[in-house]
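Student: I am new to this structure and should like to be guided through it. May we proceed by question and answer?

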Amino acid sequence: MNKVFFFIFSLLLSFSLLANSFVFVVSDQGIIRSDRISINDENIIRIVGKNQQLQRLTMHYSGWSLVTLDDITGWILSDSVTSSEPALSEKKSTQASLNHQALEQLNTKLAKLTQSNALLNDKNLSLQSTIAKLNDTIKLLKDKQPETANSSGMKEFSKNLSTSDTKKSTPNSSPTASFMFSFKNNWIYLGVVFLMILSFAFFFIYSRSKRRHFDLNTIRRH
């Protein structure tokens, strides 16, 4: 009786030791399911690669092992895992594969960053060109301002000089010439007024003569 009890206790102890241990996936794809059913894929919660380390919590007599990985607990076929660590070459191969994948991702990110950098460089060159054009325009405007001021000053000086020369050369500089100039202007005005009066008198005489002629014709008819 004691021997049977000891055998059962040893068997349970060895089973417990096997259960609470680390195992490694031996297949290319280790499928972790939410229950011990493999007839459909609806219960798949995680797919792990070869040599992936899992913690086995318990073993079931049906050929399934309860494992955990990254706070995920599920069932995997016991034939898909082993308690023996993979060979060093397999570890290196797995690590090299992971490094290759990481390198490809880094190369992709580097290509995107390079493209973004090229676009930024193009925008920077365009902005520098625009700034250079604006600086040239500002410089031209600054250069033209003194010339404009000088030309305006010269024009004003020439205008004043010509005005002074005209004043000196015209006969208005003497009182007699001023009187003659005023007399000529008044004579023109008087001539215009006289022509207007003469036109008005002619129109009045013509209208009166026409009216008298109309009255005589009327009297003769009667």
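Tutor: What follows is a set of questions and answers on this predicted model.

Student: How many helices and strands does the chain have, and in what pattern do they follow one another?
Tutor: The secondary structure of the chain comes to 3 helices and 7 strands. Read along the sequence, these elements give the pattern α-β-β-β-β-β-β-β-α-α.

Student: What share of the residues of the chain counts as buried?
Tutor: A residue is called buried when its relative accessible area is under 20%. The chain has 222 residues, and the share of them that counts as buried is 12%.

Student: How much accessible surface does the chain have, and what part of it belongs to carbon and sulfur atoms?
Tutor: The accessible surface of the chain comes to about 18,900 Å². The part that belongs to carbon and sulfur atoms is 63%.

Student: Among contacts between residues at least 6 apart in sequence, what share joins residues at least 24 apart?
Tutor: A contact here requires heavy atoms within 4.5 Å. Among contacts in the chain between residues at least 6 apart in sequence, the share that joins residues at least 24 apart is 51%.

Student: Which residues make up the largest nonpolar core, and which strands each supply at least two of them?
Tutor: In soluble globular proteins, nonpolar side chains tend to be buried together. The largest nonpolar core here has 9 residues in all: Val 23, Val 25, Ile 32, Val 48, Leu 54, Val 67, Leu 69, Ile 76 and Val 81. The strands that each supply at least two residues of this core are E1 (21-25) and E5.

Student: Which residues does Val 81 touch, not counting those up to four places away in sequence?
Tutor: Val 81 is one of the residues of the largest nonpolar core. Once residues up to four places away in sequence are set aside, Val 81 touches Val 23, Phe 24, Val 25, Val 26, Leu 54, Arg 56 and Ile 76.

Student: Is Thr 68 buried or exposed, and which backbone oxygen does its side chain reach?
Tutor: Thr 68 lies in strand E5. Its relative accessibility is 18%, so Thr 68 counts as buried. Leaving aside neighbours within four places in sequence, Thr 68 is in contact with Leu 54, Gln 55, Leu 57 and Thr 73. At 3.3 Å, the side chain of Thr 68 reaches the backbone oxygen of Ile 72.

Student: Which residues form a salt bridge, and how far apart are their closest N and O atoms?
Tutor: A salt bridge requires a side-chain nitrogen of Lys or Arg within 4 Å of a carboxyl oxygen of Asp or Glu. By this rule the count comes to 1 salt bridge. The pair is Arg 46 and Asp 70, with the closest N and O atoms at a separation of 3.6 Å.

Student: Why does this salt bridge tie together parts that are apart in sequence, and how many residues separate them?
Tutor: Arg 46 belongs to strand E3 (residues 44-49), whereas Asp 70 belongs to the loop between strand E5 (64-69) and strand E6 (72-77), so the pair ties together parts that are 24 residues apart in sequence.  Arg 46 counts as partly exposed at 28% relative accessibility, while Asp 70 counts as exposed at 56%. The separation asked for is thus 24 residues.

Student: What are the phi values of Asp 70 and Asp 71?
Tutor: Asp 70 lies in the loop between E5 and E6, and Asp 71 lies in the loop between E5 and E6 as well. Asp 71 is exposed, with a relative accessible area of 79%. Neither residue is a glycine, yet phi is positive in both. For Asp 70 phi is about 55°, and for Asp 71 it is near 65°.

Student: Where does Ser 78 lie, and is it buried or exposed?
Tutor: Ser 78 is in the loop between E6 and strand E7 (81-82). Apart from neighbours within four places in sequence, Ser 78 is in contact with Met 59, Gly 63, Trp 64 and Ser 65. At 15% relative accessibility, Ser 78 counts as buried.

Methods. Residues numbered from 1 in each chain as written. Predicted model: local features only at pLDDT ≥ 70, side-chain atom pairs only at ≥ 80, totals over all residues. Heavy atoms only, no water. Helix = DSSP H or I, 4+ residues; strand = E, 2+ residues; numbered from the N terminus. Buried < 20%, exposed > 50% of the residue type's maximum accessible area, 1.4 Å probe, protein only. Areas by Shrake-Rupley, 256 points an atom, 1.4 Å probe, with all protein chains shown as cover. Polar contact = N/O pair within 3.5 Å; in protein donor to acceptor, adjacent residues only side chain to side chain. Core = buried A, V, L, I, M, F, W, Y, C linked by side-chain atoms within 4.5 Å.
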